[in-house]
Amino acid sequence: DPRFRSMLLEGIVAGETFLGRAGSLAGTAGLSTFEIEPEAPLASTVSTSGRDETYIDFGTGFAIKLFRRIEPGVNPDLELRRFLTERTAFDNMADTYGALEYQLGDTFTLGVLQQSFTEDATAWSALSKAVGAWLETTTDADPPTRTDGVFLRDATPPDEGIPHAEMVAPAIDLAQRLGSTTARMHQALGSFSEDPDLSPEPFTRHYQQSLYQSLRAECRRSLRDVRRLQDRVDSATSDGLRELIAAEREALKQLGSIRATPITGSRIRLHGDFRLDEVYIVDDDFVIEDFSGDLSRSLSERRLRGSPLRDVAEMLRSFDYVALVAAIDGTPEQQAWAAWWSLVVGSAFIRSYLDEMEDSPLLPDSPEAIDDLLRAFALARALRELHWELATRAEWVRVPLAGLRHMLGQDPSFVN
């Protein structure tokens with residue numbers, strides 16, 4: 001009902017409270033300056049996302065985002081927006097104009113009134129077009145030499161033999177700027193707060209062991225789910241999945257590196273689901289739209305602190321995704337070049353991030369510990385992606401599978 005949607009908007013902006021039989025619905029305004037033009041029509045459209053969210057878009061640069069999965073407690077999207085807006089100078093996030101909360105003993109976050117953007121303004125959209133256009137030029141090029149590792153710390157592969165290398169340069173520049181923005185986001189999230197739910201905590205030896213056990217259990221669970229669902233795909237992909245499952249011991253061995261020696265650094269509140277489609281490009285700068293975290297996890301899990309390198313690994317996986325999706329129906333040569341693009345552009349992102357975070361107490365003080373954590377987080381993330389694709393979108397299974405096969409040294413990475 002358009003009238004009801006307008007009433008919600010007006011209630012948030014005015015800070016009204018609507019009393020019910022058992023609880024109350026409260027609108028809160030004031031995080032960012034916002035006014036409704038008195039004569040402006042309040043026509044709106046409703047859409048849903050795959051993230052358990054419904055958007056009421058008023059078509060003039062703002063929308064109400066409603067959470068369809070409601071749990072007691074403040075949603076991290078609202079909690080972190082408030083903290084970053086009121087207590088830090090970080091401004092690379094969507095403006096937050098207000099919130100809608102239900103109070104019944106506990107407080108339930110129902111939604112936020114926020115700045116809205118068009119879908120084609122995401123970093124995913126920009127890079128998808130760029131890598132797709134570049135891959136068209138690689139049709140007749142000899143494939144690049146395979147490079148092992150999740151990322152290149154010191155240098156990118158040489159430009160010799162790279163078709164139209166100048167077309168890759170804008171993507172590298174974007175990745176470097178996003179790396180710097182990500183570092184500033186983590187510096188803000190890791191700043192001191194009087195709120196005990198937001199203050200950083202040390203990365204202790206006890207937490208290090210707990211993290212290993214948690215990632216190990218998560219990876220084994222993901223592999224069990226993959227084994228259960230592997231018949232949903234064609235025979236070639238199923239064979240690739242069986243090879244992956246058989247490499248469980250190697251996968252767990254890679255995880256084991258994070259418990260070998262003590263790791264320093266801090267645990268902070270995280271974005272929690274950091275991907276290219278969560279970042280918008282506005283006026284040649286980046287705007288992060290959402291801080292809800294991974295909605296497949298409970299609200300309490302999404303509010304846990306962790307190493308900022310988890311967010312970095314998630315974005316690294318997103319660079320891999322955007323490249324390999326563009327090559328999913330391409331030739332083996334194009335798929336090899338897509339993997340090369342992912343490695344080069346993703347590495348530019350990480351090196352820029354690490355440069356901005358140099359000497360930060362938020363990160364481990366050794367390059368080896370940073371590398372170990374990035375590999376572990378990327379492996380666990382890719383296994384979750386693989387399970388999700390098998391359960392919901394079988395035609396994309398080969399994308400996370402290729403990333404995992406590369407991490408585990410299986411050749412070829414892409415199965416066709």
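A crossing of two helices is called right-handed if the near helix is turned clockwise from the far one by less than a right angle. In the predicted model, the crossing of helices α4 and α10 is right-handed. Two packed helices are described by the angle between their axes and by the distance between those axes. For α4 and α10, which spans residues 332-356, the angle is about 35° and the axes lie 7 Å apart. On the α4 side, the contact involves A171, I172, A175, Q176, L178, G179, S180, T182, A183, R184, H186 and Q187. These meet W341, V344, V345, A348, F349, S352, Y353 and E356 of α10. By class, 11 residues of this contact are nonpolar, seven are polar and two are charged.

Helix α4 covers residues 169-189 and includes T181. With a relative accessible area of 2%, T181 falls under the 20% limit and is therefore buried. When neighbours within four places in sequence are set aside, the contacts of T181 are F90, N92 and F286.

A second buried position was examined in helix α3, which runs over residues 123-135 and contains A123. The relative accessible area of A123 is 0%, so this residue is classed as buried. Outside the neighbours within four places in sequence, A123 is in contact with L276, V279, Y280 and I281. The C-alpha atom of A123 is also separated by 6.1 Å from that of D277, although the two residues are 154 residues apart along the chain.

Internal voids were also counted, and two cavities of 30 Å³ or more were found. The largest cavity has a volume of about 50 Å³. Its lining consists of R51, D52, F67, R68, R69, N75, L295 and R302. Five of the residues lining the largest cavity are charged, two are nonpolar and one is polar.

The second largest cavity has a volume of about 40 Å³. It is lined by R69, I70, E71, G73, N75, T109, L299 and R302. The lining of the second largest cavity divides into three charged, three polar and two nonpolar residues. R69, N75 and R302 appear in the lining of the largest cavity and also in that of the second largest.

Terms used: Residues numbered from 1 in each chain as written. Predicted model: local features only at pLDDT ≥ 70, side-chain atom pairs only at ≥ 80, totals over all residues. Heavy atoms only, no water. Helix = DSSP H or I, 4+ residues; strand = E, 2+ residues; numbered from the N terminus. Buried < 20%, exposed > 50% of the residue type's maximum accessible area, 1.4 Å probe, protein only. Contact = heavy atoms within 4.5 Å. Axes fitted to C-alpha atoms, helices over the stretch in contact; angles between N-to-C directions. Nonpolar A, V, L, I, M, F, W, Y, C, P; charged D, E, K, R; others polar. 1 Å grid on protein atoms, 1.4 Å probe; cavity = no way out; pocket = protein on both sides within 12 Å on 5 of 7 lines; lining within 4 Å. Points joined across faces, edges and corners; volume = space filled by probe spheres on them.
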